[in-house]
Amino acid sequence: MKKLLIPIFLIVGISLGLLMGADPQMFEVQETYAAVSKTDLLNEFQGAYDEEVEETGVLHEINLVAAESEVELIPGEKTMTWSYNGVTPAEEIRIKLGDEIKINFENQLEQATSIHFHGIRVPNEMDGVPTVTQDFIEPGETFVYQFVPKDAGTYWYHPHFESAEQIEMGLYGVIVVEDETSELYSQDEVWLIDDWLLQSDYQIYPNFVTGHDLMHDGRWGNLVTVNSSIEETLIAKPGERIRLRLVNTSNGRIYELNFGELEATAIAVDGLLVGEVFDAEGFELAPGNRIDLDITIPADAGGEEFIVYDKFTRSTIPLATILVEGEAIETPVFDFPTNPNVPGWEATGNEPDLVYELDSQRTSGSGGMHGMMNLEWVINDRAFSDIIPDELESGEFVKIQFKNESSRLHPMHIHGQFFKVISRDGKPVDEPYFRDTVLAHPNEIVEVGMVPLDSGSWMNHCHILEHAEAGMMTIIEVK
Ligand code: C2O
Ligand code: CU
């Protein structure tokens, strides 16, 4: 059977390629738009977010231990997981902008690990990437992470070694950095959305980075949870105005958000406030992405239940419930928080400064990575073991092109920076917000504008963890 499957896959792949080739739209720039001087683009960026943060002098010291623990993903059934301090997701870390975080970390796992702070602009040596920014934290070893996050928003942290296994096993937590806008809401909650691949004995399927995962969009689980629960329920009073922070911690699964009757307005993406709010319905939350929602519960909704769904695949998956009960409260009245300084940049028809071609390639030899398929995911034909870092100047505008030459999904994430999508398939788009992770759909060309600020060696990789582990990572050196 295996022998048959591979040629069929190849044939489908080839005919798909031909079909795509026959479509002239794939090769034509649909609209031409003008090149803009880099100084103008940089001027537009001024004030978008601060280079430095004003420190409050407040220190949050947290002891974190990574170890095995058990969780009830299915009520009444125990699943062995790995977690920080015995719970997955880890207990929420919530600080004010300008506060300092100090994490005394201890590794009680049987394998090396590290902690990466996804989306947070930290000093490079705190970025948690073994062999790039620090040494491995071996079993029994400790490491101290200490930094002042530079931006308010919703962030998360996770290992950056064997992450396809370690994140799937449950090692992650959220860091909320509050500013004045956080206090305006009557409730402020976090939903970490994950999917788990469970066996019939409710244990996590122990084979990671399989040939199947590599040939597809990574590992997709058979159980979707919010905050490790299949029945997560947020209790709200009629009239409440809620800030709901969604984080996709899945290895590969993308969620397309659907709120049914409820109106959900996006006020922040990947941490930072948006330039203009938008309806979050249909937003594609790829692995790594966050979105902050502003939801007002109608005053007459007492007793109602609103279910939030995912509609990315053909099956509609219920994620969690907002249950309205209790005395109605007066809805807090204020303008949607926004960042008026998000640059436009969509007018730039400039040539890209960096092009990343995303594709897979077969490797020679038998066994291959993890003894599976001989399939590597590569950026510009190179797997991570073989990359040449790209160099960028701090404080200069660059246009980066992600050119997906495969028929799979690649949510591309750059560490330590924010960027803004300016075109898709040659058409200018105006996403009025920054991101740190952007989904490149099959064969799509996505261009982003970025002004790197913090110097150091920053990872640029696919956040489908199996693709990353099969090579789809590279480094941007900011000078
Ligand atoms: Cu969540 Cu290297 O990333
Ligand atoms: Cu990928």
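Buried residues are those under 20% relative accessible area. This definition applies to the following close-up views of a predicted model.

**View 1. Coordination of the copper ion (ligand 2) by two histidines and a cysteine.** The donor atoms are ND1 of His410, SG of Cys462 and ND1 of His467, at 2.0 to 2.1 Å from the metal. Along the chain, these donors follow the spacing H-x51-C-x4-H. The pair His410 and His467 links distant parts of the chain, 57 residues apart: His410 belongs to strand 24 (residues 410–414), and His467 to helix 5 (residues 465–469). His410 has a relative accessibility of 0% and therefore counts as buried. His467 is likewise buried, its relative accessible area being 0%.

**View 2. The cis peptide bond between Thr88 and Pro89.** Omega for the bond from Thr88 to Pro89 is near -10°. Pro89 lies in the loop that runs between strand 2 (79–84) and strand 3 (93–96). Most peptide bonds are trans.

**View 3. Positive phi at Glu162.** Although Glu162 is not a glycine, its phi is positive, at about 45°. Most residues other than glycine have a negative phi. Glu162 occupies the loop between strand 7 (153–158) and helix 3 (163–166). With a relative accessibility of 26%, Glu162 counts as partly exposed.

**View 4. Positive phi at Asp381.** Asp381, which is not a glycine, has a positive phi of about 65°. The loop containing Asp381 is situated between strand 21 (375–379) and strand 22 (390–392). Asp381 is exposed, because its relative accessible area is 55%.

Note on methods:
Residues numbered from 1 in each chain as written. Chains lettered and ligands numbered in written order. Predicted model: local features only at pLDDT ≥ 70, side-chain atom pairs only at ≥ 80, totals over all residues. Heavy atoms only, no water. Donors = N, O, S within 2.8 Å, 3.2 Å for Na, K, Ca; no water. Helix = DSSP H or I, 4+ residues; strand = E, 2+ residues; numbered from the N terminus. Buried < 20%, exposed > 50% of the residue type's maximum accessible area, 1.4 Å probe, protein only.
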